[in-house]
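User: Please take a close look at the aromatic side chains in this model and follow them outward into the parts of the fold they belong to. I would like one connected account rather than a list.

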Amino acid sequence: MSKQIAADSRVLFHFTIKLEDGSVADSTQLHGKPARLQMGDGSLTPSFEACLLGLEEGTKTSFELGPDDAFGPVNPNNIHHMERSRFAADLELEEGAILSFTQPNGAEMPGIIRAVAGDSVTVDFNHPLAGHNVTFEVEILAVEQDGA
């Protein structure tokens with residue numbers, strides 16, 4: 001009997017996320033280490049989990065997801081203009097660089113430098129893949145049900 005992914009399954013799988021141009025944004029294959037997932041634990045968005053539901057052990061497939069179902073649309077409220085003086089004087093700020101920022105609650109949050117103009121630095125706190133259509137390729141290696 002084949003093992004099928006259910007809402008409470010534990011899944012061992014390889015995945016690759018590709019952008020519209022075919023470039024790889026993330027892949028467990030590159031590191032040779034598959035991902036482990038407890039369905040419903042919140043580590044994947046509901047849309048990604050919905051793609052996995054019903055797949056059987058040994059399945060290889062891919063799904064196309066739009067921004068709303070993948071990493072969300074770009075939220076203009078997550079793009080901030082900051083004074084250059086808020087950064088260390090010796091820090092070289094380059095467009096595309098990802099820096100870690102400490103939130104008021106002490107948590108760390110990554111931000112992408114989008115522009116540096118004079119004393120103004122534009123920082124984007126959206127997910128790096130926000131606004132992109134992605135292809136989610138999966139290979140299901142093992143499926144376990146709770147209690148199995």
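Analyst: In this predicted model, a search of the whole structure finds seven aromatic pairs. One of them joins F13 and F15 in a tilted arrangement, with 5.9 Å from centre to centre and 40° between the planes. Both of these phenylalanines, F13 and F15, are buried. A pair of another kind is made by F101 and F125, whose rings meet edge-to-face at 5.1 Å centre to centre, with 75° between the planes. That contact links distant parts of the chain, since F101 lies in strand 6 (residues 98-102) and F125 in the loop between strand 8 and strand 9, 24 residues apart. Here too both partners are buried, F101 as well as F125. Beyond the individual pairs, F13, F15, F48, F63, F71 and F136 form one aromatic cluster.

Two members of that cluster, F13 and F136, lead directly into the nonpolar interior. The largest nonpolar core has 22 residues, and those touching the most other members are I5, F13, L52, F136, V138 and I140. At least two residues of this core are supplied by each of strand 1 (10-18), strand 3 (35-38), helix 2 (46-52), strand 4 (60-65) and strand 9 (134-144). Strand 9 gives the largest share, five residues. The surroundings of I5 show how separate stretches of sequence meet here: leaving aside residues up to four places away in sequence, I5 touches V11, M39, L52, L53, G54, L55, I140 and V143. A second core, separate from this one, consists of nine residues and includes M82, L99, V121 and V123.

Strand 1 and strand 9, both contributors to the largest core, are also connected through charged side chains. Side chains of opposite charge can pair when their charged atoms come close. By the rule applied here the count comes to three salt bridges. In one of them R10 pairs with E144, the closest N and O atoms being 3.1 Å apart, and this links distant parts of the chain, with R10 in strand 1 and E144 in strand 9, 134 residues apart. Neither partner falls in the buried class: R10 is partly exposed at a relative accessible area of 28%, and E144 is partly exposed at 40%. The side chains of K18 and E137 meet in another salt bridge, at 3.3 Å from N to O. Because K18 lies in strand 1 and E137 in strand 9, this pair ties together parts that are 119 residues apart in sequence. K18 is partly exposed, with a relative accessible area of 25%, and E137 likewise counts as partly exposed, at 28% relative accessibility.

The remaining salt bridge brings us back towards the region of F101. R114 pairs with D124, and their closest N and O atoms are 3.1 Å apart. Since R114 lies in strand 7 (residues 108-117) and D124 in strand 8 (residues 120-124), the pair ties together parts that are 10 residues apart in sequence. The two partners differ in exposure, for R114 is partly exposed, with a relative accessible area of 38%, whereas D124 is buried, with a relative accessible area of 7%.

Strand 6, which carries F101, belongs to an open sheet of four strands in the order 5-8-7-6, with antiparallel pairing. Strand 5 (79-83) and strand 6 stand at the edges with a single partner strand each, so one side of each is left without a neighbour in the sheet. From one strand to the next, the twist averages 45°.

Within this sheet, strand 6 and strand 7 pair in the antiparallel sense over five bridges, and S100 stands opposite P110 in strand 7. These two strands form a hairpin with five residues between them, in whose turn G106 has a positive phi of about 95°. Strand 7 and strand 8 also run antiparallel and are joined by five bridges, with S120 in strand 8 as the bridge partner of A117. The hairpin of strand 7 and strand 8 has two residues between the strands, and there G118 takes a positive phi near 60°.

Conventions:
Residues numbered from 1 in each chain as written. Predicted model: local features only at pLDDT ≥ 70, side-chain atom pairs only at ≥ 80, totals over all residues. Heavy atoms only, no water. Core = buried A, V, L, I, M, F, W, Y, C linked by side-chain atoms within 4.5 Å. Buried < 20%, exposed > 50% of the residue type's maximum accessible area, 1.4 Å probe, protein only. Contact = heavy atoms within 4.5 Å. Salt bridge = Lys/Arg side-chain N within 4 Å of Asp/Glu carboxyl O. Phe/Tyr/Trp six-rings, centres within 6.5 Å; stacked < 30°, edge-to-face > 60°. Pairing = 2+ DSSP bridges. Axes fitted to C-alpha atoms, helices over the stretch in contact; angles between N-to-C directions.
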